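Colleague: I should like to go through this structure with you, one question at a time. Please show it first.

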Amino acid sequence: MAIVNLVGSRVMDGLDNVPKDLAAPGEAGGRVRCFVETVEVGSADSDTSTYLLARVPSNAVILPTSTLYWDDLASTGAPTVDVGVFNQSGATGITDDDNALADGLDVTSAGSSVMPSGIANYGLPLWDLVASQTTDPGRMLDIKATLQDADVNVGGTITMVLHYSVD
């Protein structure tokens, strides 16, 4: 056994240095914003249908208090929902990533899931959650839910509560 004195790696490491390296405001002391959106999924919506839920800055830090909620959307089959990050229509800047925030959420019964998935993704800016993205494109990005794996056959509600920090 060993006694250790660790310093957090994202914010506190810089504050512990001499001279201090301040973290980006969105990571420490940034203003928290909330985006709440609801969509009604139709009982005949098919696999690959998308639902636009938010538009936020690419440098937004998605907080792990963000949650997606859904009703039971299928009495047969095994549809899932991914939550991803996309360019606005007609824009470029990132490679669309349909599961950047959540992957394979089982919507065959009512439920909820925290976003972003994976503890290692907590505190990262939105652009850094996109697979293969290495720099901030400096633009607004869309957050969409996408039906995957099967069609739904029961209508219902999807609601997203997105907490994020910026500036």
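The exchange below concerns a predicted model.

Colleague: What pattern of helices and strands does the protein follow along the sequence?

Modeller: The model is predicted, and its secondary structure comes to one helix and nine strands. Read along the sequence, the pattern is α-β-β-β-β-β-β-β-β-β.

Colleague: Which strands stand at the edges of the open sheet?

Modeller: The open sheet is formed by four strands with antiparallel pairing, in the order 2-8-5-6. An edge strand has a single partner strand, so one of its sides is left without a neighbour in the sheet. On average, neighbouring strands here are turned by 20° against each other, direction ignored. The strands at the edges are strand 2 (50-57) and strand 6 (97-106).

Colleague: Within that sheet, which residue of strand 8 is the bridge partner of Val-85?

Modeller: Strand 5, residues 80-86, and strand 8, residues 140-148, run antiparallel and are joined by seven bridges. The partner of Val-85 in strand 8 is Ile-143.

Colleague: Which strand gives the largest share of the largest nonpolar core?

Modeller: Nonpolar side chains tend to be buried together in soluble globular proteins. In this model the largest nonpolar core has 35 residues, and those with the most contacts inside it are Leu-68, Leu-101, Leu-126 and Ile-143. Elements that give two or more residues to this core include strand 1 (31-41), strand 4 (66-70) and strand 9 (156-166). The largest share, five residues, comes from strand 9.

Colleague: Which residues of the sequence from 111 onwards does Leu-68 touch, leaving aside residues up to four places away?

Modeller: Leu-68 is one of the residues with the most contacts inside the largest nonpolar core. Its contacts include Leu-53, Val-81, Val-83 and Leu-105. From 111 onwards, Leu-68 touches Gly-111, Ser-112, Ser-113, Met-115, Ile-158, Thr-159 and Met-160.

Colleague: What share of the contacts between residues at least 6 apart in sequence joins residues at least 24 apart?

Modeller: One example of residues brought together from separate parts of the sequence is Thr-146 and Asp-82, which are 64 residues apart in sequence and 5.3 Å apart in space, C-alpha to C-alpha. For the protein, the share of such contacts joining residues at least 24 apart is 80%.

Colleague: Is Thr-146 buried or exposed, and at what relative accessible area?

Modeller: Thr-146 is found in strand 8. Beyond its neighbours within four places in sequence, Thr-146 is in contact with Thr-48, Ser-49, Thr-50, Thr-80, Val-81, Asp-82, Phe-86 and Asp-98. Thr-146 counts as buried because its relative accessible area is under the 20% limit; the value is 5%.

Colleague: In the loop between strand 1 and strand 2, is Ser-49 buried or exposed?

Modeller: Ser-49 lies in that loop. Leaving aside neighbours within four places, Ser-49 is in contact with Ala-145, Thr-146 and Leu-147. Because buried means under 20% relative accessible area, Ser-49 at 18% counts as buried.

Colleague: How many residues apart in sequence are the parts tied together by the salt bridge?

Modeller: The structure holds one salt bridge, in which the side chains of Arg-55 and Asp-142 meet at 2.5 Å, N to O. Arg-55 is in strand 2 and Asp-142 in strand 8, so the parts tied together are 87 residues apart.

Colleague: Of Arg-55 and Asp-142, which counts as buried?

Modeller: Arg-55 has 35% relative accessibility and counts as partly exposed. The relative accessible area of the other residue is 3%, and the buried one is therefore Asp-142.

Colleague: Which residues does the cis peptide bond join?

Modeller: Most peptide bonds are trans. Here, omega is about -5° for a bond that leads to Pro-116, a residue in the loop between strand 7 (111-115) and strand 8. The cis peptide bond joins Met-115 and Pro-116.

Colleague: What is the phi of Asp-149?

Modeller: Most residues other than glycine have a negative phi. Thr-48, exposed at 54% relative accessibility, has a positive phi near 80°. Asp-149 lies in the loop between strand 8 and strand 9 and is exposed, with a relative accessible area of 58%. The phi of Asp-149 is also positive, near 75°.

Conventions. Residues are numbered from 1 along each chain as its sequence is written. This is a predicted model: local features need pLDDT of at least 70, side-chain atom pairs count only at pLDDT 80 or more; totals for chains, interfaces and linings use all residues. Side-chain values use heavy atoms; hydrogens and water are left out. Two strands pair if DSSP finds at least two bridges between them. Axes are lines fitted to C-alpha atoms, for helices over the stretch in contact, and angles run from 0 to 180 degrees between N-to-C directions. Contact means heavy atoms within 4.5 Å. A nonpolar core is a set of buried Ala, Val, Leu, Ile, Met, Phe, Trp, Tyr and Cys residues joined through side-chain atoms within 4.5 Å. Buried means under 20% relative accessible area, exposed over 50%, partly exposed in between (1.4 Å probe, protein chains only). A salt bridge is a side-chain nitrogen of Lys or Arg within 4 Å of a carboxyl oxygen of Asp or Glu.
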